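Let's take a friendly walk through a protein model together. Keep the viewer open beside the text, and pick out each residue as it comes up.

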Amino acid sequence: MAMISHFGRKHSGALKVRDFDLTVKAVGEDGTFNGYGSVWDVVDSYQEVVARGAFTESLAELAAKARPVPVLWQHRSSEPIGAWSNLREDDHGLAGDGELLISDVAQAKEAHALMKRRIVTGLSIGYWVRESSYDEKTGIRTLTKLDLVEISLVTFPANDDARVEAVKFKLAHGELPTDREFEKFLREAGFSKSRAAGLVGHGLGELRRRESDRDTTSNTALKGISDTLAGFSLKSA
């Protein structure tokens with residue numbers, strides 16, 4: 001089912017997240033910081049790479065609307081803690097200056113303290129894929145045009161596809177997690193290795209079959225799993 005982005009465009013996929021092994025730089029006492037939310041030409045664990053200039057149109061549209069990109073806490077849309085400014089593409093990737101609302105938002109103040117102690121150092125983008133290409137020989141998908149939605153502060157950067165919050169985020173937005181990340185989640189929830197592997201093999205396999213057959217009941221199933229996971233209180237990987 002097509003979904004509508006914040007620009008009013010239709011998107012056929014799910015909102016996605018992308019992490020990088022980058023540290024947040026220059027954390028000021030006033031809550032300001034800067035860093036890269038995305039880098040070019042790095043193939044991630046999902047065999048995807050962001051092409052140079054992928055955000056050009058998105059940034060222009062955001063600027064025209066004078067709409068700031070939010071700083072979210074761990075990709076939680078209910079927890080905006082600041083805003084980005086001066087977002088730009090350079091030779092390395094998507095750079096920007098962030099400001100945490102430390103005087104007005106409690107979570108922003110906590111995030112600021114964790115950043116200063118270098119406990120939280122990661123940045124991760126939330127985006128829609130507008131255009132991409134796939135190389136059948138290498139198996140790599142190149143993301144050529146993206147709609148930027150948000151840039152989050154995250155505890156575990158570096159394409160950590162086993163992070164519990166990443167699993168919850170994907171399921172909540174209609175996207176299937178990888179076998180590895182879902183199995184790790186189940187192991188942390190107390191399942192044995194063999195039982196977790198069995199659940200992954202049968203459960204995700206069936207959902208992928210429904211997706212390939214365009215079975216709309218897969219969305220309901222994903223929502224049910226997401227609601228179940230939301231009730232877990234687990235430590236992140």
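**A turn, its strands and a core**

Let's begin at a turn: in the hairpin formed by strand 6 and strand 7, two residues lie between the strands, and Gln74 has a positive phi near 55°. Please keep in mind that this is a predicted model. The two strands of this hairpin, strand 6 and strand 7, pair in the antiparallel sense over four bridges. You can follow the pairing through Trp73, which stands opposite Arg76 in strand 7, and through Val71, which stands opposite Gly82 in strand 7.

Now move along to the next connection. Strand 7 is joined to strand 8 by a hairpin of three residues. Strand 7 and strand 8 run antiparallel, with six bridges between them. One facing pair to look for is Glu89 and Leu94, the latter in strand 8.

Strand 6 has another partner as well. Which way do strand 6 and strand 10 run, parallel or antiparallel? Strand 6 and strand 10 run parallel, joined by three bridges. Here Leu72 stands opposite Ser152 in strand 10.

With these strands in view, step back for a moment. The protein chain contains six helices and ten strands. Of its 237 residues, 42% count as buried. The protein chain exposes about 12100 Å², and carbon and sulfur atoms supply 50% of that area. As for contacts between residues at least 6 apart in sequence, 66% of them join residues at least 24 apart.

Next, look inside. The largest nonpolar core has 27 residues, and those touching the most other members are Phe55, Leu100, Leu148, Ile151 and Leu153. At least two residues of this core come from each of helix 1 (56–65), strand 6 (70–73), strand 7 (76–89), strand 8 (93–100), helix 2 (106–116), strand 9 (122–135) and strand 10 (140–154). Strand 10 gives the largest share, five residues.

Phe55 is a good residue to centre your view on. Leaving aside residues up to four places away in sequence, Phe55 touches Ser38, Trp40, Val50, Glu89, Leu94, Ile125, Leu146 and Leu148. Two of these names are familiar: Glu89 and Leu94 are the facing pair you met between strand 7 and strand 8.

Finally, turn to helix 2. Which residues of helix 2 are buried? They are Gln107, Ala108, Ala111, His112 and Met115. Viewed down the axis of helix 2, its buried residues fall within an arc of 140°, so they line one face of the helix. Some background on helix geometry helps here: an α-helix has 3.6 residues a turn, so residues three or four places apart point the same way. On the other side of helix 2, Ala106 and Lys109 are exposed. And what lies over the buried residues of helix 2? The cover includes strand 4 (32–39), strand 6, strand 7, strand 8 and strand 10. Just after helix 2, Arg118 has a positive phi of about 60°.

Methods. Residues numbered from 1 in each chain as written. Predicted model: local features only at pLDDT ≥ 70, side-chain atom pairs only at ≥ 80, totals over all residues. Heavy atoms only, no water. Core = buried A, V, L, I, M, F, W, Y, C linked by side-chain atoms within 4.5 Å. Buried < 20%, exposed > 50% of the residue type's maximum accessible area, 1.4 Å probe, protein only. Contact = heavy atoms within 4.5 Å. Areas by Shrake-Rupley, 256 points an atom, 1.4 Å probe, with all protein chains shown as cover. Pairing = 2+ DSSP bridges. Arc of directions from axis to C-beta.
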